Amino acid sequence: MKLSIFLKDKWIFLLSQTAIILFLALLLNTMKISNAAIALVCICFCFITVVSLILEYLQKNCFYRQLYQNLDAMEKKHYISSVIEEAGFTEGALLIDVLKQTTKSMNDEIASYRRMNTEYQDYIETWIHEIKIPISCIDLICENNKGEMASGVKEELSRIDDYVEQALYYARSTNLEKDYMIREINLDNLVKGTLKKYSKQLIAAKATPTFDNLSQTVYGDAKWLEFVLGQLIANSIKYKKDTLMLTFSACEEQDHVLLYVSDDGIGIQESELPRIFEKGFTGTNGRSYAKTTGIGLYLCRKLCNKMHLSISASSANGQGTTIQITFPTDSRLLLE
């Protein structure tokens with residue numbers, strides 16, 4: 001708290017004290033009191049006023065300085081009322097009371113929205129699990145009734161299933177701890193297991209997968225990583241040219257294992273590359289070549305961040321895209 005601000009706030013008090021001193025001096029003068037006595041009284045009065053202001057300033061300055069220090073040190077600043085010390089003056093006590101009441105009101109409001117969000121999330125997850133039943137039934141019907149129409153229905157059904165899976169992970173992304181388990185994973189098994197899940201789409205896209213040095217062991221949640229790779233594969237299929245060359249390669253550098261997922265598709269414009277992991281960003285390709293939600297890569301980054309992985313992209317327009325996932329080799333990230 002600056003002294004100038006404190007004194008500016010005290011201008012009425014200072015003005016009234018000045019008026020009292022002048023009035024007192026005038027009164028004593030009319031009473032034929034000596035000038036020395038009048039000066040002594042005025043000096044004593046000014047001294048008492050100055051001392052009281054200094055003491056008040058020191059008290060308030062100490063309180064507000066500590067308040068700001070605590071505020072700067074806190075990551076969640078809305079909890080400041082729980083760590084602030086009691087003030088020794090009325091204004092500070094009123095401020096603390098206001099902070100506590102507003103914090104309680106805010107916490108009640110947050111708790112209410114959390115309950116609503118939890119209920120909505122539970123409903124979405126339940127709905128997704130329920131919708132998978134008719135999807136499986138339709139798939140079974142198509143399997144038992146071979147034909148061109150059944151094949152087309154199965155293809156569209158596969159896309160629906162992918163979007164439903166994406167919606168499930170998006171619903172869970174606000175509370176990832178519910179389904180989170182880091183374990184040792186063999187990259188070769190992970191990649192080939194994911195490719196098997198997308199085998200029909202890859203065959204239809206005339207895709208040729210190649211593998212290079214996938215024998216490394218990494219740490220992560222297998223189900224989440226399968227979803228991430230699935231989104232990358234789906235994007236490669238979506239933005240392919242006539243055929244698709246899909247390459248999975250890995251290498252180890254110091255304390256990291258790098259996994260590269262590359263395709264020879266239409267690529268991404270350089271100006272749009274920094275934004276492809278943003279929520280809802282579709283870009284030129286998303287608007288021109290395929291219907292897209294702009295959620296897939298956003299979820300990939302969110303899941304990777306939770307698993308202490310980093311994900312980045314490099315691309316040249318018309319020359320394909322490479323996604324890099326960086327796995328730390330520190331075994332302390334393995335959660336038992």
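Reader: Is Lys132 buried, partly exposed or exposed, and at what relative accessibility?

Author: Happy to start there, and please keep in mind that this is a predicted model. Buried would need a relative accessible area under 20%, and exposed one over 50%. Lys132 has 22% relative accessibility, so the residue counts as partly exposed.

Reader: Which residue forms a salt bridge with Lys132 with the closest N and O atoms 3.0 Å apart?

Author: A salt bridge here calls for a nitrogen of Lys or Arg within 4 Å of a carboxyl oxygen of Asp or Glu, both in side chains. At 3.0 Å between the closest N and O atoms, this pair qualifies. The pair links helix H5 with helix H4, across 33 residues of the chain. The partner of Lys132 is Glu165.

Reader: Is Glu165 buried or exposed?

Author: The cut-off for buried is under 20% relative accessible area. Glu165 comes to 18% relative accessibility, so the residue counts as buried.

Reader: How many residues apart in sequence are Asp161 and Lys132?

Author: Lys132 also forms a salt bridge with Asp161, with 3.3 Å between the closest N and O atoms. Asp161 lies in helix H5 and Lys132 in helix H4, so the pair ties together parts of the chain. Asp161 itself is partly exposed, at a relative accessible area of 25%. The separation in sequence is 29 residues.

Reader: Which residue forms a salt bridge with Asp139 with the closest N and O atoms 2.5 Å apart?

Author: Asp139 lies in helix H4 and its partner in helix H5, 15 residues apart in sequence. Asp139 is partly exposed at 30% relative accessibility, while the partner counts as buried at 16%. That partner is Lys154.

Reader: Which residues are linked with Asp139 and Lys154 in a network of salt bridges?

Author: Side chains of opposite charge can pair when their charged atoms come close. In this model, Asp139 and Lys154 belong to such a network of salt bridges. The other members are Glu143, Lys146 and Lys200.

Reader: Which helices and which strand do the buried residues of H10 pack against?

Author: Helix H10 covers residues 296–306, and its buried residues include Leu297, Tyr298, Leu303 and Cys304. These buried residues pack against helix H5, helix H8 and strand E6.

Reader: Which residue just after H10 takes a positive phi?

Author: Helix H10 runs over residues 296–306. Just after H10, one residue has a phi of about 65°. That residue is His308.

How values were computed:
Residues numbered from 1 in each chain as written. Predicted model: local features only at pLDDT ≥ 70, side-chain atom pairs only at ≥ 80, totals over all residues. Heavy atoms only, no water. Buried < 20%, exposed > 50% of the residue type's maximum accessible area, 1.4 Å probe, protein only. Helix = DSSP H or I, 4+ residues; strand = E, 2+ residues; numbered from the N terminus. Contact = heavy atoms within 4.5 Å.
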